[in-house]
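Me: Please take a close look at one part of this structure for me. I would like the surroundings of one buried charged residue, and then how that part fits into the whole chain.

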Amino acid sequence: DKFVWVTCSIEKNGKHTTAIYRAELSEDSLINEQLIYEALPYIKSPYHFGSRLEIKGDYLYASIGERGEGMIAQDPTNSIGTIIRIHKNGDIPVDNPYVNNPDWLPEIYQIGLRNPQGMSLDPVSQEVYISNHGPKGGDFIGPVKTGTNYGWKQIGWGGTNYSGTKVGNGNAWEPGFLKPEFIWVPSIGVGGIKFYQGDAFPEWQNSLLVGSLKYQYLSVLHRENGQFTQEELIFKDEIGRIRDVEINSLGEIFLIADEFDSSLYILKP
């Protein structure tokens, strides 16, 4: 039997949260499903659940959105607005950064996030990367580093509140917080991400594929000397709001658009 992990939103008493289930794949069915993680507290808001998963060895990384609650992402007594790291069976790793700190939840690996909706393992550095929605401006790509803080909602990565007011003191970044590696102002509505490895498009090897919901394109984010440098835009306004991207063993790219009448698209050379 093969295990499958699913992240979703769940409801209890009129409130919702982000949750992770593990199930076994038996022929075409998922069986023996188990709830292995639920982000606490449950919140009434219908916004900003995250959530993506990435497996690295025996660790499962998951992104939890801050549910529109802002500074809750700076409160480590809950896991709202964080990246958590658990084992694939739901257990807490003994080497998590705050596992011995009674003021922090032991599953927390990184804090200060708004709404991270993409996650992918970098084949070059072996670091997990995320995409994160900024407010009005400030979408970003950055690494998941142990014990770090991206700063939401004290900083806004170059964005403002939707009303036009400043986020915090109006700074894009402040000392003590982790700096994103690539930022979009204005926001592109950043969706799923995937580092490209494959034979179908060798010129994109180790580049990062990024879906744009707002501007409806696939971005190939190229790197030079370990730095993200320039975007190559594909399919702009052709298939809709690109929500997620996946790559098969041949290097063919699959895209799914977030539209009422959507399709699964495959990109071949």
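Reply: A residue counts as buried when its relative accessible area is under 20%. By that rule, 51% of the 269 residues of the chain are buried. The model is predicted.

Start with Arg-114. The residue sits in the loop between β7 (108-111) and β8 (116-121). Arg-114 is buried, yet has no salt bridge. Which side chain of opposite charge is nearest to Arg-114? The answer is Glu-66, 5.2 Å away. A salt bridge here requires a side-chain nitrogen of Lys or Arg within 4 Å of a carboxyl oxygen of Asp or Glu. Because of that cut-off, the 5.2 Å pair of Arg-114 and Glu-66 does not count.

Arg-114 does have polar partners. One is the backbone oxygen of His-133, which the side chain of Arg-114 reaches at 3.4 Å. Another is the side chain of Tyr-162, in a polar contact at 3.3 Å.

Now the wider surroundings. Leaving aside residues up to four places away in sequence, Arg-114 touches His-48, Gly-65 and Glu-66. It also touches the run Asn-132, His-133, Gly-134 and Pro-135. Trp-152, Trp-157 and Tyr-162 complete the list. So Glu-66 is in contact with Arg-114, but the two form no salt bridge, because the contact limit is 4.5 Å between any heavy atoms while the salt-bridge rule looks at charged atoms within 4 Å.

Next, the strand before the loop. β7 belongs to an open sheet of five strands, in the order β4-β5-β6-β7-β11, with mixed pairing. The edges are β4 (50-56) and β11 (148-149), each pairing on one side only. β7 and β11 run parallel and share two bridges. Ile-111, for instance, has Asn-149 of β11 as its bridge partner. In general, strands of a sheet pair through backbone hydrogen bonds, either parallel or antiparallel.

Step back to the whole chain. There are 19 strands and zero helices. The C-alpha trace spans about 50 × 50 × 40 Å along its principal axes. For 269 residues, a compact globule would have a radius of gyration near 18 Å; the chain has 18 Å, so the two agree. Among contacts with a separation of 6 or more, 51% join residues 24 or more positions apart.

Arg-114 has no salt bridge, but the chain has nine. Side chains of opposite charge can pair when their charged atoms come close. Take Lys-12 and Glu-38, whose closest N and O atoms are 3.9 Å apart. Lys-12 lies in strand β1 (residues 2-12) and Glu-38 in strand β3 (residues 29-38), so this pair ties together parts 26 residues apart in sequence. Lys-12 is partly exposed at 41% relative accessibility. Glu-38 is partly exposed too, with 26%.

Glu-246 and Lys-194 form another, at 3.2 Å from N to O. Glu-246 is in strand β17 (residues 242-247) and Lys-194 in strand β13 (residues 190-195), so the pair ties together parts 52 residues apart in sequence. Glu-246 is partly exposed, at 40%.

Asp-237 and Lys-236 also make a salt bridge, with closest N and O atoms 3.9 Å apart. Asp-237 is exposed at 52%, whereas Lys-236 is partly exposed at 39%. Finally, Arg-241, Arg-243 and Asp-258 are linked in a network of salt bridges.

Definitions and conventions: Residues are numbered from 1 along each chain as its sequence is written. This is a predicted model: local features need pLDDT of at least 70, side-chain atom pairs count only at pLDDT 80 or more; totals for chains, interfaces and linings use all residues. Side-chain values use heavy atoms; hydrogens and water are left out. Helices (H or I, at least four residues) and strands (E, at least two) are DSSP runs, numbered from the N terminus. Buried means under 20% relative accessible area, exposed over 50%, partly exposed in between (1.4 Å probe, protein chains only). Lys and Arg count as positive and Asp and Glu as negative; His and the chain ends are not counted. A polar contact is a pair of N or O atoms within 3.5 Å; within protein, one must be able to donate a hydrogen and the other to accept it, and residues adjacent in sequence count only if both atoms are side-chain atoms. Two strands pair if DSSP finds at least two bridges between them. The radius of gyration is taken over C-alpha atoms; the globule rule is 2.2 Å times the number of residues to the power 0.38.
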